[in-house]
Amino acid sequence: MERVQTGIDGLDNKIDGGYPSGRAILVAGTTGTGKTILGIHFIYQCCLEGKKCRIIATEEIPEDILMQSESIGMPLNKFLENGTLTIDKVYEERTWQTKEMMSFGIQKPDEMQSNILGLLDKVPEKTEILLIDNIGVFTLNMSANEFRAQFDSLIYTLSKRGITTMFVMDSAADDRMGGVASYSVYGIIRTMIKDNPYTGARERFLEILKIRNTTIPLNPFRFDITAKGITLLKKETK
Ligand SMILES: Nc1ncnc2c1ncn2[C@@H]1O[C@H](COP(=O)(O)OP(=O)(O)O)[C@@H](O)[C@H]1O
Ligand SMILES: [Mg+2]
């Protein structure tokens, strides 16, 4: 099976060479655990390889993503300028739509916020790599059933089109949906921050929960986020 590099040093060789090409990976974790940065690594790597990339950003304005990418030494700006990368302004659109609907006296912006399948309209024909960060915002008024039906259908269509997709989903939304997102995707990565019981220090962990068709490490591994982005830490000797 073809693989797409993760853009993180030392991660590809832990998962048979990278993310499975043309399939969907879910990155779940609580806020501030490094989900977006994991996504930026992936997009930056794919942009370097000249793949057609797209970010659908539901929580951040493009300027903030660009700033974040610069702060970890993976500036995405040049790829936006040369057309390798496109960033969709779903966050801004959501705000405008809400304002508009409110001004027409429609009090419930629920419907548009639950249209996960509608994201397909934002993925043009030539797209090869897609990052949707964070799919969780669409689930606020949704049942787990409805979410799963739409999410399955979205993933099916993207896979059919050969697009390698990374979905970011915050843990709160994942829990609210009863964890059903996990069933639909080809692979799941979880990012965490935990207290070290011996030192009291807070530590970052990355855990590969599943990747179909792939040998995966069973233990979570530690990483740091620095001005160079995510660095996997060597195992300490006990
Ligand atoms: N340039 C940087 N140097 C060091 N740490 C950083 C840098 N940029 C971001 N971080 C760390 O990454 C965290 C945010 O990661 P992010 O991927 O945005 O989390 P999530 O998307 O899971 O909410 C910040 O809280 C900060 O601790
Ligand atoms: Mg984020």
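**View 1. Asn134 sits in the loop between β6 (129–133) and α6 (144–160).** In this predicted model, the peptide bond leading from Asp133 into Asn134 is cis. Its omega is near 20 degrees.

**View 2. Asp16 lies in the loop between β1 (3–4) and β2 (19–20).** Although Asp16 is not a glycine, its phi is positive, at about 60 degrees. With 15 other C-beta atoms within 10 Å, Asp16 counts as partly exposed.

**View 3. Asn213 belongs to the loop between β9 (202–211) and β10.** Here is another residue to pause at: Asn213 is not a glycine, yet its phi is positive, near 65 degrees. Asn213 has 10 other C-beta atoms within 10 Å and is exposed.

**View 4. An open sheet of nine strands follows the order β5-β4-β6-β7-β3-β8-β9-β10-β11.** The pairing in this sheet is mixed. At the edges stand β5 (85–88) and β11 (229–232); each has a single partner strand, so one side of each lacks a neighbour in the sheet. On average, neighbouring strands are turned by 25 degrees against each other, direction ignored.

**View 5. Strands β3 (residues 24–29) and β8 (residues 187–195) run parallel, joined by five bridges.** Look for Val27, which stands opposite Ile189 in β8.

**View 6. Ligand 1 has 14 residues around it.** Gly32, Lys35, Thr36, Ile37 and Ser71 come nearest. Two elements, α1 (35–48) and β10 (221–226), each give two or more residues to the shell around ligand 1. The largest share, three residues, comes from α1. By class, this shell holds four nonpolar, nine polar and one charged residues.

Notes. Residues are numbered from 1 along each chain as its sequence is written. Chains are lettered from A and ligands numbered from 1 in the order in which they are written. This is a predicted model: local features need pLDDT of at least 70, side-chain atom pairs count only at pLDDT 80 or more; totals for chains, interfaces and linings use all residues. A residue is near a molecule or strand if its C-beta atom, placed from the backbone, lies within 6 Å of it. Helices (H or I, at least four residues) and strands (E, at least two) are DSSP runs, numbered from the N terminus. Ala, Val, Leu, Ile, Met, Phe, Trp, Tyr, Cys and Pro count as nonpolar, Asp, Glu, Lys and Arg as charged, and the others, Gly among them, as polar. Two strands pair if DSSP finds at least two bridges between them. Axes are lines fitted to C-alpha atoms, for helices over the stretch in contact, and angles run from 0 to 180 degrees between N-to-C directions. A residue is buried if 20 or more other C-beta atoms lie within 10 Å of its own, exposed if 12 or fewer, and partly exposed in between; C-beta atoms are placed from the backbone.
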